[in-house]
Amino acid sequence: MSIANLARRVVRALTPYQSARRIGGNGHVWLNANEAPLAYPFTIEGSRLNRYPECQPAAVVNGYAAYAGVEPEQVLVSRGADEAIELLIRTFCEAGQDQILICPPTYGMYAISAETCGVGIVELPLTVSRQPDWPAIADRLSDVKLVFLCSPNNPTGDLVGRGGLIALLEKARDRAIIVVDEAYIEFCPEASVVDLLARFPNLVVTRTLSKAFALAGIRCGFTLANPDIIAMLTKVIAPYPIPEPIAQIAAQALSPMGLELMQERVAELNLQKALIKTELTTLPCVREIFEDKGNFVLVRFVDGATVFAAMKAAGIILRDFSTKPGLENSIRITIGYRGEMDAVLAVLRDLPAPRL
């Protein structure tokens, strides 16, 4: 008997999330993981490394609370927002009994986390306007414990409509928890729904330092929620989730200097995004440009396979979403700095004219 047969049946059948590093690829321009193009100049002081870290480092919790405009008791720090997603499912869903609801195409880890926890998944695709199907979600609230909404949505870049969200939160009171994933919110901070936490105890917002803060490598994320929800999650989280070096770097990122640097780089990336979108509209190989509220832009090409192959041959690694429902011939381009964007455009301009 193979040792693999000892694993849970759901794990044996599971297709793991295909992260950018798992997919791999040979290239010198990496624009497939929505990472920031440059690292930040933070340092680590090593004299405390012989001690276990705090479960919830006060400097990080307080720093993020101040940044997000909430109270410290509304903040939980975790190993990236991915751990926050899994913690919510493990805390509020009974294996083999409860379900979550997702709106594909969207971030794949909602479904992966539910599957690994033995929790069911209700899928209600986005509407033609790429909004959650609010009436359909409301009709399923008695069937689910958690609703995951991504805003800006990965990979389409759309924002969740505020009016629809508020109506859903009202209908879901005492029935379900609505989770809004704001991993990319620094690129459109005016669209955050954190202010709604004061009105709706069933709202949860997840955040990360991986994108705008350029700290994908340290895996540091946040859950913002009602203190009662945070207290429940604290029961489930690992005893030492945030290593001491990570806490030190995160605290520096949330300092006035760190926040100023983040905002400067966000402004630069938003500028590069606007420039490449303008150029893309002039290219005959481009059929549709999706919304652009994150640090990426999803593009539907006339022939996505040809574009992806040409980029790969040029050493440019992008993310292909053409197998996802409604995203045929669509490729996601992470926004980098000017030289990287120029390299992408050079490949697209050299493509032979598409046969329409």
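Analyst: Before we start, one yardstick: a residue is buried under 20% relative accessible area, exposed over 50%, and partly exposed in between. Also keep in mind that this is a predicted model.

User: Thanks! Is lysine 277 buried, exposed or partly exposed?

Analyst: Buried would need a value under 20%, and exposed one over 50%. Lysine 277 comes out at 21% relative accessibility, so the label that fits is partly exposed.

User: Which residue does lysine 277 form a salt bridge with?

Analyst: The closest N and O atoms of the pair are 3.3 Å apart. Lysine 277 sits in helix α10, while its partner is in the loop between β9 (286-289) and β10 (296-301), so the bridge ties together parts 15 residues apart in sequence. That partner has a relative accessible area of 15%, so it counts as buried. The residue is aspartate 292.

User: Which phenylalanine has its C-alpha atom 9.3 Å from that of aspartate 292?

Analyst: Look in the loop between β6 and β7. The residue there is 105 places along the chain from aspartate 292. Leaving out residues up to four places away in sequence, its contacts include Val266, Leu269, Lys293 and Gly294. With a relative accessible area of 7% it is buried, and its name is phenylalanine 187.

User: How many salt bridges are there in the whole structure?

Analyst: One of them pairs the side chains of aspartate 195 and arginine 162, at 2.4 Å from N to O. It links the loop between β6 and β7 with helix α7 (residues 162-172), parts 33 residues apart. Aspartate 195 is partly exposed at 44%, and so is arginine 162 at 36%. A search of the whole structure puts the total at 14.

User: How far apart in sequence are the parts tied together by aspartate 82 and arginine 219?

Analyst: The two side chains meet in a salt bridge, 3.3 Å from N to O. Both ends are partly exposed, with aspartate 82 at 25% and arginine 219 at 33%. Since aspartate 82 lies in helix α4 (residues 80-92) and arginine 219 in the loop between β7 and β8, the separation is 137 residues.

User: Let's move to the sheets. In the sheet of 7 strands, which strands stand at the edges?

Analyst: The sheet is open and its pairing is mixed, with the order β2-β8-β7-β6-β5-β3-β4. An edge strand has a single partner strand, so one side of it is left without a neighbour in the sheet; reading the two ends of the order gives β2 (75-78) and β4 (120-123).

User: Which residue is the bridge partner of isoleucine 102 in β4?

Analyst: Strand β3 (residues 99-102) and β4 pair in the parallel sense over 4 bridges. Together with helix α5 (residues 109-116), these strands make a right-handed β-α-β unit. In one of the pairs, leucine 101 faces valine 122 as its bridge partner. For isoleucine 102, the partner is glutamate 123.

User: At what angle does helix α8 run to β8?

Analyst: Helix α8 (residues 227-236) lies across several strands: β2, β6 (177-181), β7 (203-208) and β8 (221-225). Its direction relative to β8 is about 135°.

User: And what is the order of strands in the sheet of 4?

Analyst: This open sheet has antiparallel pairing. Its edge strands are β9 and β12 (319-320), each pairing on one side only. β12 pairs with strand β13 (residues 330-334) over 2 bridges, which leaves the full order as β9-β10-β13-β12.

User: Last one: which residues touch the most other members of the largest nonpolar core?

Analyst: As a background point, nonpolar side chains tend to be buried together in soluble globular proteins. Here the largest core has 82 residues. Its largest share, 6 residues, comes from helix α10 (residues 256-280). The residues that touch the most other members are Leu149, Leu165 and Leu348.

Note on methods: Residues numbered from 1 in each chain as written. Predicted model: local features only at pLDDT ≥ 70, side-chain atom pairs only at ≥ 80, totals over all residues. Heavy atoms only, no water. Core = buried A, V, L, I, M, F, W, Y, C linked by side-chain atoms within 4.5 Å. Buried < 20%, exposed > 50% of the residue type's maximum accessible area, 1.4 Å probe, protein only. Pairing = 2+ DSSP bridges. Contact = heavy atoms within 4.5 Å. Axes fitted to C-alpha atoms, helices over the stretch in contact; angles between N-to-C directions. Right-handed = clockwise from strand over helix to strand, strands pointing away. Salt bridge = Lys/Arg side-chain N within 4 Å of Asp/Glu carboxyl O.
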